[in-house]
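Q: Please examine the model shown below and explain the terms used to describe it.

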Amino acid sequence: MSNNEPKASSQDITNTLEQMNKGENNESNQLVFDPTTGEFVVAKPNSNLSADATTINSIAQDGFAK
Amino acid sequence: MTSERLQMETAILERYFSRKYKFENLNSSNAFLDVGVKTQSGKVYRLKIKLSQDYPNSLPEVYITYPLPLLKKDGSKLDGASHDFHTLGNEGNNIQICHFKSENWNPNQSLYKIALKVRIWLEAYEGHLRTGKTIDNYLTS
């Protein structure tokens, strides 16, 4: 992941979460946690993510207890 | 928690939450990890992740300890156990929130991953504050 990826907005994050929750396949940009800033950034489709990149999908896809 | 495990957890936290965490009361029945988390909007929260004697074999309890109380969009207090808001109850004013499902927890997970799960819960909470939709609109069960 380069340092040039734009910061995601709060709405980007909740929109992504809501789509995942509805089971809608999100083929658009991925949201990736940038440990250097502590923020989620928007990674373009097909961009080369580092092996230890943490995407929002990988955090949320196994669900939350309730 | 063994010293080897503590070393591993510390190494990961230092990489992803550098200078934003502190272990408290280690080697006691009141051990916990205090973590500061900043959401995408810039708001700061503090978490208390309880570390039972048999951690990492059991799923830790997580509480929001700052700011308190957490409020809903309508101004009422976020309180008690709620399916709609993915909360489990209270410890005083601290609200206990849901994170990992117990069936998805195993000793290969880490405190860092719990903090990221809670970060997502907080983003969903702020989504609720913006839109009024309950947190379960955002979080997969």
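Q: What makes a residue part of the contact between chain B and chain A, and how many residues does each chain give?
A: Two residues are in contact if their C-beta atoms, placed from the backbone, lie within 7 Å. The contact takes in 27 residues of chain B and 23 residues of chain A. The model is predicted: local features need pLDDT of at least 70 and side-chain atom pairs pLDDT 80 or more, while totals for chains, interfaces and linings use all residues. Residues are numbered from 1 along each chain as its sequence is written, with chains lettered from A and ligands numbered from 1 in the order in which they are written.

Q: Which element gives the most to the side of chain B that touches chain A?
A: α2(B) does, with eight residues. Helices are DSSP runs of H or I with at least four residues, strands runs of E with at least two, numbered from the N terminus; α2 of chain B spans 111-131.

Q: Why are α1(A) and α2(B) called roughly perpendicular?
A: Their angle is about 105°, with the axes 9 Å apart. Axes are lines fitted to C-alpha atoms, for helices over the stretch in contact, and angles run from 0 to 180 degrees between N-to-C directions. Angles under 35 degrees count as roughly parallel, over 145 as roughly antiparallel, 65 to 115 as roughly perpendicular and the rest as oblique. The helices α1(A) and α2(B) are therefore roughly perpendicular to each other.

Q: Which residues of α1(A) meet α2(B)?
A: S10(A), I13(A), T14(A) and L17(A) meet I120(B), E123(B), A124(B), E126(B) and G127(B).
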